[in-house]
Amino acid sequence: MKSQSNREIFLQKPKESLGFFPTPLQYMKRLSAELGYEIYFKRDDLTGANVYGGNKIRKLEYLLGDARARGCDTVITYGATQSNHVMETISAARKCGMTPVVYLVCIVEPDQKNKKANFLLDSLFDAEIHLVESRGESMPEATKRARTRAAQRIQELEEQGHRCYEIPTGGATGIGSAGYMDGFAELVEQMETLGKRMDYLFVSTGTGGTLAGLTAGKALLKLDTKLVGIQVSPQNTKAYKEKVEGLAKEALAWVGKETIKVKESDFECDDRFYGAGYEVPCEEANAAICYLAQKEGILTDPVYTGKGFYGMLEYLRNQWIPRGSTVVFLHTGGTTALFAEKEITGELVSL
Ligand SMILES: *Cc1c(COP(=O)(O)O)cnc(C)c1O
């Protein structure tokens, strides 16, 4: 199998073992029958390392591997107050015996007296948490301020003899994205075992690192699977596509495959399904969360996978892609958000 031989390039890379792989690939019997497609879910919501997992684990295996190889003992990262990436980075750092230091941008103000969801878990893991107030800016703008504050803290820590490893929001670097080049190969291997070709792969896209890794994986394996990223936040389309393409190239270069070409037309970004914005609940996405839960018993979340699945459902219900196609939804996790603040969940169930 070509997917298998290509996975060997990852074996030489420093890596921390954090999750449970391969994750299951499940056929959605009822959904497929109702919608007229062959629908599979790649269950990366079950990557581990703690009960929740999600897409950040594959990235963190290589990122923390790199941190260890560089002799770092402290990990710094950024995200929104209920960030999955931050919570998973903290838990991974603990598992690796490193100290987590995080900067949380308060798009939704956390209630310190009634901590919930990932914000509660961040405290349970006892990370050094810095709250960065949001002044009505976008996430990237507020994160810029957070990075300035972190730079001072990093200098302080290094003066005390620590070595810090900085991970950007979402773990979106070439190394982090390489986790999904590997993840794509794992998925293709599973599809090959079933004797299926994957026509479409849908994924919720935020910082773009996951989509970039999938794009790099597709180029590496020379497949023509259509990759559709459903955006969970507003972005400048041109800059966003360039970012994803750039990360895909970096990921390929990191494994010594810089000669493999990627281009913008290797993936699609669809910005029609995030509603009013990042972390803002969307009625249609909440309806999709309930539909999937009641149809297949699978949970998705209001910030990422609910919106991603809502987008995919629109493609299938409106037959924007040929009926009968084999369609995979990469379930990237995030279900802790079901237990977050009302500002994030919206009305999930009626009274
Ligand atoms: C971070 C995240 C994503 C988006 O991944 P990116 O690599 O940032 O695009 C999707 N789903 C969930 C649940 C996430 O936590």
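Helices and strands are taken here as DSSP runs, numbered from the N terminus, with at least four residues for a helix and at least two for a strand. In those terms, Pro22 belongs to the loop between helix 1 (2-7) and strand 1 (25-27). The model is a predicted one, and in it the peptide bond between Phe21 and Pro22 is cis, with omega at about 0 degrees.

Two further backbone features fall in loops. Gly48 and Ala49 are joined by a cis peptide bond, with omega near -20 degrees. Ala49 sits in the loop between strand 2 (38-43) and helix 3. Farther along the chain, Asp126 has a positive phi of about 60 degrees, although this residue is not a glycine. The loop that holds Asp126 runs between helix 5 (117-124) and strand 5 (128-133).

The next subject is the ligand. There are 15 residues around the ligand, and those that come nearest are Lys56, Lys59, Thr207, Thr210 and Thr332. By class, this shell consists of 12 polar residues, 2 charged ones and 1 nonpolar one. Three elements each give at least two residues to the shell: helix 3 (56-69), strand 7 (200-205) and helix 8 (209-221).

Oxygen atoms of the ligand take part in polar contacts with both side chain and backbone. In the side chain of Lys56, an N or O atom is 2.9 Å from a ligand oxygen. At Gly206 the partner is a polar backbone atom, 2.7 Å from an oxygen of the ligand. Gly208 also uses its backbone, with an N or O atom 2.9 Å from a ligand oxygen. On its own the ligand has 380 Å² of accessible area, and the protein covers 98% of that.

Where does the ligand lie with respect to the pockets? The space that the ligand takes is the largest pocket. This pocket holds about 950 Å³ of space. Its lining has 41 residues, and Met139, Pro140, Thr169, Gly206 and Thr207 are the closest to the pocket centre. Several elements give two or more residues to this lining, including strand 3 (74-80), helix 4 (84-95), helix 6 (139-159) and helix 9 (237-254). Helix 3, strand 7 and helix 8 are also among them, and these three elements each supply at least two residues of the ligand shell as well. The largest share of the lining, 5 residues, comes from helix 6. Sorted by class, the lining of the largest pocket has 22 polar, 12 nonpolar and 7 charged residues.

The second largest pocket contains about 220 Å³ of space. Of the 13 residues in its lining, Arg7, Leu11, Lys15, Tyr62 and Asp182 are the closest to the centre. Helix 3 and helix 7 (174-194) each contribute at least two residues to this lining. Charged residues number 8 here, beside 4 nonpolar and 1 polar.

What remains is the enclosed space. A cavity is a set of grid points where a 1.4 Å probe fits but cannot get out, and the count of cavities of 30 Å³ or more comes to 3. In the largest cavity there is about 60 Å³ of space. Its lining residues include Ala80, Gln82, Ser83 and Asn84, together with Tyr278 and Glu279. Asp301, Val303, Tyr304, Gly334 and Ala337 also line this cavity. By class, the lining of the largest cavity comprises 5 nonpolar, 4 polar and 2 charged residues.

Definitions and conventions: Residues are numbered from 1 along each chain as its sequence is written. This is a predicted model: local features need pLDDT of at least 70, side-chain atom pairs count only at pLDDT 80 or more; totals for chains, interfaces and linings use all residues. Side-chain values use heavy atoms; hydrogens and water are left out. A residue is near a molecule or strand if one of its heavy atoms lies within 4 Å of it. A polar contact is a pair of N or O atoms within 3.5 Å; within protein, one must be able to donate a hydrogen and the other to accept it, and residues adjacent in sequence count only if both atoms are side-chain atoms. Accessible areas come from the Shrake-Rupley method with a 1.4 Å probe; for residues, only the protein chains shown count as cover. On a 1 Å grid over the protein atoms alone, a cavity is a set of points where a 1.4 Å probe fits but cannot get out, and a pocket is an open set with protein on both sides within 12 Å along at least five of seven lines; lining residues have an atom within 4 Å of a point. A molecule sits in a cavity or pocket if more than half of its atoms lie within 2 Å of its grid points. Ala, Val, Leu, Ile, Met, Phe, Trp, Tyr, Cys and Pro count as nonpolar, Asp, Glu, Lys and Arg as charged, and the others, Gly among them, as polar. Grid points are joined across faces, edges and corners, and a volume is the space filled by probe spheres set on the points.
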